[in-house]
Amino acid sequence: MACEGGRARDPHADDSLVTSLWSSKEALAKALNEPVRYDPSRLESPLLWPDGTAGRWCAQRLAVANQYEAWLCWVLQHP
């Protein structure tokens, strides 16, 4: 455990956050229909969207087995 500001912190917690951040970006890139055109490092992470929405786009972190991350991104279609 690393020490930060006099407190012990779990380095795996940082790994989990980074993995979730990247996973959400990859889900968004795939939802945009052309994932090879979108570099996840240049996309805003849906993890940071207030209430899981950004305009017509929605995102949700899915419950999966420990040590895995899964995100679902979709666009709302208005009639």
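Which residue in β4 does Thr53 stand opposite? Thr53 stands opposite Cys58. This is a predicted model. The chain has 79 residues, and 23% of them count as buried. Its secondary structure comes to 1 helix and 5 strands.

**Overall layout**

- Starting at the N terminus, the elements follow the order β-β-α-β-β-β.
- Helix α1 covers residues 11-31.
- About 6000 Å² of the chain is exposed. Carbon and sulfur atoms supply 53% of that area.
- Consider the contacts in the chain with a separation of 6 or more. Residues 24 or more positions apart account for 29% of them.

**The sheet**

- Three strands make an open sheet, ordered β3-β4-β5. Their pairing is antiparallel.
- Strands of a sheet pair through backbone hydrogen bonds, and the pairing can be parallel or antiparallel.
- The edges are held by β3 (53-54) and β5 (71-75). Each has a single partner strand, so one side of each is left without a neighbour in the sheet.
- Strand β4 spans residues 57-61. It is joined to β3 by 2 bridges and to β5 by 5 bridges.
- Cys58 faces partners in two strands. Thr53 stands opposite Cys58, and in β5 the bridge partner of Cys58 is Trp74.

**Turns and loops**

- β3 and β4 form a hairpin, with 2 residues between the strands. Gly55 sits in the turn and has a positive phi of about 65 degrees.
- Asp51 lies in the loop between α1 and β3. Its phi is near 60 degrees, a positive value in a residue other than glycine.
- Is Asp51 buried or exposed? Asp51 has a relative accessible area of 80%, over the 50% cut-off, so it counts as exposed.
- The loop between β4 and β5 holds Gln67. Gln67 is not a glycine, yet its phi is positive, at about 70 degrees.
- Gln67 is exposed too, because its relative accessible area of 84% is over 50%.
- Tyr68 also has its place in the loop between β4 and β5. At 58% relative accessibility, Tyr68 passes the 50% mark and therefore counts as exposed.

**The largest pocket**

- How much space lies in the largest pocket? The figure is about 190 Å³.
- The pocket is lined by 13 residues. Those closest to its centre are Ser16, Asn66, Gln67, Tyr68 and Glu69.
- Rolling a probe the size of a water molecule over the atoms shows where empty space is left.
- Which element gives the largest share of the lining? Helix α1 does, with 4 residues.
- By type, the lining residues divide into 5 nonpolar, 5 polar and 3 charged.
- Gln67 and Tyr68 belong to the group closest to the pocket centre. Both are loop residues: Gln67 is found between β4 and β5, and Tyr68 is placed between β4 and β5.
- Ser16 and Tyr68 are both in that central group. They are 52 residues apart along the chain, and their C-alpha atoms are separated by 8.9 Å.

Methods
Residues numbered from 1 in each chain as written. Predicted model: local features only at pLDDT ≥ 70, side-chain atom pairs only at ≥ 80, totals over all residues. Heavy atoms only, no water. 1 Å grid on protein atoms, 1.4 Å probe; cavity = no way out; pocket = protein on both sides within 12 Å on 5 of 7 lines; lining within 4 Å. Points joined across faces, edges and corners; volume = space filled by probe spheres on them. Nonpolar A, V, L, I, M, F, W, Y, C, P; charged D, E, K, R; others polar. Buried < 20%, exposed > 50% of the residue type's maximum accessible area, 1.4 Å probe, protein only. Contact = heavy atoms within 4.5 Å. Areas by Shrake-Rupley, 256 points an atom, 1.4 Å probe, with all protein chains shown as cover. Pairing = 2+ DSSP bridges.
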